[in-house]
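User: I'd like a close look at a single part of this model, please. Take your time and walk me through it.

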Amino acid sequence: MKYESLLERFLSYVKVNTRSDENSTTTPTTPAQKEFALVRGEEMKKYGVIDVHYIDANGYIIGTIPANTDKKVKKIGFLGHVDTADFNADGINPQVLENYDGQSVIKLGSTEFSLDPAEFPNLKKYEGHTLVHTDGTTLLGADDKSGVTEIMTLAEYLYNHPKIEHGEIRIGFGPDEEIGIGADKFDVSDFDVDFAYTVDGGPLGELEYETFSAAGATIHFQGKNVHPGTAKNQMVNALQLAIDFHNALPEFDRPEKTEAREGFFHLLKVEGTPEEASMTYIIRDHDRAKFEMRKESVSNIAKMMNENLGIERVKVNMKDQYYNMAEIIQKDFWMIELAKKAMENLGIKPVIEPVRGGTDGSKISFMGLPTPNLFAGGENMHGRYEFVSVQVMEKAVDTLLEIIHLNQED
């Protein structure tokens, strides 16, 4: 189905810099996220959404599309996030390419960068599509401005088509998903639905209910720095300790060497001097037992190094971030079947695969509200090569409408 306002809405949304900041201690972590959410709240009201409220405690804007049926149907929720990832988001200048031929190289603005089907074969799927891409200097922000756009377009469509019968629908947009803390303070009781979906997935048909379990670890290394000319049997180089630590991890358990349900240790940052150094990792696995073993490995390497050094020079600060929501969703699998049927009714092939990442639904599901993830359309997310198909975004709105229709029949 065509949605006349969808493209214009998406272009206006992505031009607003709502990048989150992992070094901030506020909620949201950047003021622009709150400003963007408040504007979305006013937009909701234009489309008959009631009880629109911004929650300062968690940074969510929430609203209700009131039921127009007397039937008893489950209350459904749709969620997106307003922040974008850790890549330049200043001066986003989206480019619109109509009727892409599925084979040409797409120049990204006036930069030296381009989208080449030889490098990005996913482009070949989009023959005849209208693509929105970057100018090569920023990310696009389809993660998750596409999802926010689709949910708002849904609200507008239902407002303009009051004869479409439906139960109560709650919609909401939250902050800081990209830095893993957005749903930490989510208020399930305030959202008050029976089930929900995040609209935060990638290409057409993605239906995700299995995520990584995740932890973050910072390892601090305390060295003893002396003049290198007289260092023998005296110097303890903190940078060398860091190298030794990293080399003690399994060589092939890295993101670039793993796929599907294979977990990893991902080194994000190294900094320091011979006197002291630190390393930051993220630890991921779909299997909870293997996840716990990975965390134990990190602690054991530090313990072994300290024993060999005869003094505690390696300290680990490790914290769980989220868990595999399949542990919850598998108990309420009917909502996966509902979304699957909705896609199939629309001629969309459901793509059900484990997510090599997480969503806000990972945490919200463990809060008592099962929340799997639906496709929103973005490709090559989190960088200058990001793009999205307008037609896929339209099909995402179609899917939301069909889920609402099937929920009405249930």
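At what angle do helix H2 and helix H3 pack, and how far apart are their axes?

Analyst: Happy to help, and do keep in mind that this is a predicted model. Helix H2 covers residues 31-46 and helix H3 covers residues 142-160; the two pack at an angle of about 20 degrees, and their axes are 9 Å apart. Angles under 35 degrees count as roughly parallel, and H2 and H3 are therefore roughly parallel to each other. Their crossing is right-handed.

Now to the side of each helix that makes the contact. H2 contributes Phe36, Arg40, Glu43, Met44 and Lys46, which meet Lys145, Val148, Met152 and Tyr159 of H3. By type, the residues of this contact divide into five nonpolar and four charged, with no polar ones.

Two of the charged residues from H2 turn up again in a wider arrangement: Arg40 and Glu43 are linked with Arg9 and Glu156 in a network of salt bridges. The whole structure has 17 salt bridges.

H2 also has a link to another part of the chain. Lys34 forms a salt bridge with Asp56, and the closest N and O atoms of that pair are 3.0 Å apart. Lys34 lies in helix H2, while Asp56 sits in the loop between strand S1 (50-55) and strand S2 (60-65), so the salt bridge ties together parts that are 22 residues apart in sequence. As for its surroundings, Lys34 is partly exposed, at a relative accessible area of 30%.

Methods: Residues numbered from 1 in each chain as written. Predicted model: local features only at pLDDT ≥ 70, side-chain atom pairs only at ≥ 80, totals over all residues. Heavy atoms only, no water. Axes fitted to C-alpha atoms, helices over the stretch in contact; angles between N-to-C directions. Helix = DSSP H or I, 4+ residues; strand = E, 2+ residues; numbered from the N terminus. Parallel < 35°, antiparallel > 145°, perpendicular 65-115°, else oblique. Left-handed = near helix turned anticlockwise from the far one by under 90°. Contact = heavy atoms within 4.5 Å. Nonpolar A, V, L, I, M, F, W, Y, C, P; charged D, E, K, R; others polar. Salt bridge = Lys/Arg side-chain N within 4 Å of Asp/Glu carboxyl O. Buried < 20%, exposed > 50% of the residue type's maximum accessible area, 1.4 Å probe, protein only.
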